[in-house]
Amino acid sequence: MHLLETDWFLRLVQKSGNTPQAKLIGMFDVVADWLEAPQIGNQLSALDVYAHPPATLLNFLTAEAKACGAALPEALANQLYFMLMCGVRDYAHQKHSLPIARQTAEALIQAQSQPSNSRQPLYRYAIAGLASVAVISASLAAFLLLQPSHNYTDKLANLTMSKPSQASNIMLGSSSPTIATVINHDASPSQTAEMFAKIEQMRNGSCIYPEVLMLPQQQRDVYLKSVVHGQIPTNIEDLLLMTKLLEKVRCNYTPKLMQNSVG
Amino acid sequence: MSLLRERILSTATELFFSRGINSTGVDTIVAEAGTTKMTLYKYFHSKELLIIEVLKKSQHDLYAWLELGLAKNKKPEDKLNNLLDLIDDWIKAPDFKGVSFIKASTEFPQESNAIHQLSSEQSKQFKLFIANIANDAGIKDAEVLALQLALLIEGAMQAENMQRGSGAITYAKIAAKILIDNAAKHS
């Protein structure tokens, strides 16, 4: 059996990230670890770079590529596999071959999942918005019932006004995971709605997005998921980070407005 | 070069690309070229040497075509982006049947094989070709960028080999632009 279609490998890749993008990239990290193990490394190096990818792995990669909004999921899956295998082949005499393949894969995933490639229907935002509001309302109600003496509204207002670092400090600072700390992770309905409106507005403009490679590693997942794909986070920390990242997107709405006035 | 030798070479190239190298016998090549086995062996001695000559000529033709296309760019930095446009044109051409060194590597995976060794060498030369363009364009890590672009190009060609009209090169070009811009910023 091909080493890269074992349940073991697929499970490790599944665990390597929380988003489809992170999993596709995580595959390179899993293989990088394996190459350090002599027995597995030798088996991997012996694989034919140009052979067709094993079906199970190709199906897995295609599904993840689809989930991250790739324009051509199967082609992306094939290319990522090829890049991975090239990295493995060259690893014996070029230790940086796998990190280079990883960087190239990141750029290709970014290219294939540009917003223009995966315009999502408006109803998805509406459903996501309603779902977030429902979850937040239910959590709020539960909290108020269980802890009537706490002034939750003030606490939430303070938190939503704080910067990302402050927000994370507040959350990390709590001694035990109480209901309050869980609720404090959620964004307010008005913030979520505001963010939906921003994303919708951007869909009507011509926007220049910053390159994902230019962002710090820890911001990339949030950037791709929220700013690029328009999935509004319900987590306050991510929402604040998204607000910060949105400032880096430059949009021009003039041509659309002109078109509307002519029509 | 003798006209007959040239005809055998071009017939073999066409057949290797359309039917595969291993599945094309010498009998088919001589029949298509309108010659005899004796003449083929007079010029090429063995099928292996014929394959090696096909690989060398294909590589030579590829660079001649790329050099001609790239010569139109006055600025070295424009050559990098234009390289991907040329590859795009090539892949989308109706008669595109793949890249000789990728095809040969696929059919001869054993590292000890002379054909495999030549195709590996040609793959390295291709990276060097890109690295030289990147170097002229003032890219600091020209070698790294060359490896990245070669991965994108070869990956798109591989995807195209698996599914004609895959469109993979379109996104490889966008990714290449991201990597080129990023490398230029750090140079």
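Let's start at a single proline: Pro109(B) sits in the loop that links H6 to helix H7 (114-136) of chain B. Because it has 14 C-beta neighbours inside 10 Å, Pro109(B) counts as partly exposed. Once its neighbours within four places in sequence are left aside, Pro109(B) is in contact with Asp48(A) and His116(B). Please keep in mind as you look around that this is a predicted model.

**The two chains**

Here is how the chains look side by side.

| Chain | Helices and strands | Buried residues | Contacts joining residues at least 24 apart, among those at least 6 apart in sequence |
|---|---|---|---|
| Chain A | 14 helices, two strands | 33% of 263 residues | 67% |
| Chain B | nine helices, zero strands | 39% of 187 residues | 57% |

Read from the N terminus, the order of elements in chain B is α-α-α-α-α-α-α-α-α.

**Where the chains meet**

The contact between the chains draws 22 residues from chain A and 24 residues from chain B. On the side of chain B that touches chain A, the elements giving two or more residues are helix H6 (100-107), helix H8 (142-162) and helix H9 (168-185) of chain B. H8(B) supplies the largest share of that side, with 10 residues. Sorted by class, the side of chain B that touches chain A holds 16 nonpolar and eight polar residues, and no charged ones.

**Helix H6 of chain B**

H6(B), which contributes to the side touching chain A, deserves a look of its own. How many of the residues of H6(B) are buried? Seven of its eight residues are, and the helix is mostly covered. The buried residues are Ser100(B), Phe101(B), Ile102(B), Lys103(B), Ala104(B), Ser105(B) and Thr106(B). Their cover includes helix H1 (3-19), helix H4 (47-70), H7 and H8 of chain B.

**How H7 and H8 of chain B pack**

Two of those covering helices, H7(B) and H8(B), also pack against each other, with axes 8 Å apart and an angle of about 130°. The two helices are therefore oblique to each other. H7(B) passes H8(B) in a right-handed crossing. From H7(B), the contact uses Phe126(B), Lys127(B), Ile130(B), Ala131(B), Ala134(B) and Asn135(B). H8(B) answers with Ala142(B), Glu143(B), Leu145(B), Ala146(B), Leu147(B), Leu149(B) and Ala150(B). By class, this contact of H7(B) with H8(B) has 10 nonpolar residues, one polar residue and two charged residues.

**Confidence in chain A**

A friendly word on chain A before you read its details. Its mean pLDDT is 70, and 55% of its residues reach 70 or more. Where in chain A is confidence highest, and where is it lowest? The highest value belongs to helix H6 (residues 97-112) of chain A, at a mean of 95, and the lowest to helix H9 (residues 164-173) of chain A, at 32. Over residues 118-129 of chain A, pLDDT stays under 50, and the model has 13 contacts beyond four places in sequence for this stretch. Residues 147-184 of chain A also have pLDDT below 50, and there the model shows 38 contacts beyond near neighbours in sequence.

Definitions and conventions
Residues are numbered from 1 along each chain as its sequence is written. Chains are lettered from A and ligands numbered from 1 in the order in which they are written. This is a predicted model: local features need pLDDT of at least 70, side-chain atom pairs count only at pLDDT 80 or more; totals for chains, interfaces and linings use all residues. Two residues are in contact if their C-beta atoms, placed from the backbone, lie within 7 Å. Helices (H or I, at least four residues) and strands (E, at least two) are DSSP runs, numbered from the N terminus. Ala, Val, Leu, Ile, Met, Phe, Trp, Tyr, Cys and Pro count as nonpolar, Asp, Glu, Lys and Arg as charged, and the others, Gly among them, as polar. A residue is buried if 20 or more other C-beta atoms lie within 10 Å of its own, exposed if 12 or fewer, and partly exposed in between; C-beta atoms are placed from the backbone. pLDDT is the predictor's confidence in each residue, from 0 to 100. Axes are lines fitted to C-alpha atoms, for helices over the stretch in contact, and angles run from 0 to 180 degrees between N-to-C directions. Angles under 35 degrees count as roughly parallel, over 145 as roughly antiparallel, 65 to 115 as roughly perpendicular and the rest as oblique. A crossing is left-handed if the near helix is turned anticlockwise from the far one by less than a right angle, and right-handed if clockwise.
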